[in-house]
Amino acid sequence: MAESSLFTATVRKLERFYGRPKLPTITDPLELILLENVAYLADDEKRGAAFAALKKKIGTRPEQILKASQKQLEEITRLG
């Protein structure tokens, strides 16, 4: 079996067992990095809450993060 056929067969087996994966809600590369790092080693729920707070209170663009105070950033990261 060719590599691509083996890959396709494996993906189909995984889809049958687990179902089709949900599309990601975040697709921006910087936001993905921020999501992973805003609450390092936290569970998905805490990480999501911290990211939502970051996005709402400060923003996720570099210039918005640079304008934020150390205190604001610490308050958000404590959520995770």
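**Figure 1. Arg78 and Glu74 are joined by a salt bridge whose closest N and O atoms are 3.8 Å apart.** A salt bridge here is a side-chain nitrogen of Lys or Arg within 4 Å of a carboxyl oxygen of Asp or Glu. This is a predicted model, in which local features need pLDDT of at least 70 and side-chain atom pairs count only at pLDDT 80 or more, while totals for chains, interfaces and linings use all residues. Residues are numbered from 1 along each chain as its sequence is written, and side-chain values use heavy atoms, with hydrogens and water left out. Both partners, Arg78 and Glu74, belong to helix H5 (residues 70-78) and are four residues apart, about one turn of the helix. Helices (H or I, at least four residues) and strands (E, at least two) are DSSP runs, numbered from the N terminus. Arg78 is exposed, at 59% relative accessible area, whereas Glu74 is partly exposed, at 34%. The cut-offs are under 20% for buried and over 50% for exposed, with partly exposed in between (1.4 Å probe, protein chains only). A search of the whole structure gives five salt bridges; Figures 2 and 3 show further examples.

**Figure 2. A salt bridge between Arg61 and Asp28 connects two loops.** The side chains of Arg61 and Asp28 meet at 3.9 Å, N to O. Arg61 sits in the loop between H3 and H4, and Asp28 in the loop between H1 and H2. The two residues are 33 residues apart, and the pair links distant parts of the chain. Arg61 is partly exposed, with a relative accessible area of 33%. Asp28 is also partly exposed, with a value of 24%. Side chains of opposite charge can pair when their charged atoms come close.

**Figure 3. Asp44 and Arg47 form a salt bridge within helix H3.** The closest N and O atoms of Asp44 and Arg47 are 3.1 Å apart. Three residues separate the partners along helix H3, about one turn of the helix. Asp44 is exposed, with a relative accessible area of 66%. Arg47 counts as buried because its relative accessible area is 11%, and buried means under 20%. Leaving out residues up to four places away in sequence, Arg47 touches Leu35, Glu36, Val38, Ala39, Leu41 and Ala42. A contact of this kind means heavy atoms within 4.5 Å.

**Figure 4. Leu41 has a positive phi in the loop between helix H2 and helix H3.** Helix H2 covers residues 29-38 and helix H3 covers residues 44-57. Phi of Leu41 is near 60°, and Leu41 is a residue other than glycine. Most residues other than glycine have a negative phi. Leu41 is exposed, with a relative accessible area of 72%. Leu41 is one of the residues touched by Arg47.

**Figure 5. Lys46 of helix H3 is shown with its contacts.** With residues up to four places away in sequence not counted, Lys46 touches Ala39, Leu79 and Gly80. Lys46 is partly exposed, at 43% relative accessible area. From C-alpha to C-alpha, Lys46 and Tyr18 are 24 Å apart in space, and they are 28 residues apart in sequence.

**Figure 6. Leu14, Phe17 and Tyr18 make a nonpolar surface patch of about 410 Å².** Patches are made of residues with over 30% relative accessible area and no salt bridge; like charges are joined within 9 Å, and nonpolar side chains (Val, Leu, Ile, Met, Phe, Trp, Tyr) within 5 Å. Accessible areas come from the Shrake-Rupley method with a 1.4 Å probe; for residues, only the protein chains shown count as cover. Leu14, in helix H1 (residues 3-18), is partly exposed at 45% relative accessible area. Phe17 is exposed at 65%, and Tyr18 is exposed at 64%.

**Figure 7. The rings of Phe17 and Tyr18 form an edge-to-face aromatic pair.** Rings of Phe, Tyr and Trp (its six-membered ring) pair if their centres lie within 6.5 Å; planes under 30 degrees apart count as stacked, over 60 as edge-to-face and the rest as tilted. By this rule the count is one aromatic pair. The ring centres of Phe17 and Tyr18 are 4.7 Å apart, with 80° between the planes.

**Figure 8. Mean confidence in the protein is lowest in H1 and highest in helix H4.** The mean is 93 in H1 and 97 in helix H4 (residues 62-67). For the protein, the mean pLDDT is 93, and 99% of its residues reach 70 or more. pLDDT is the predictor's confidence in each residue, from 0 to 100.
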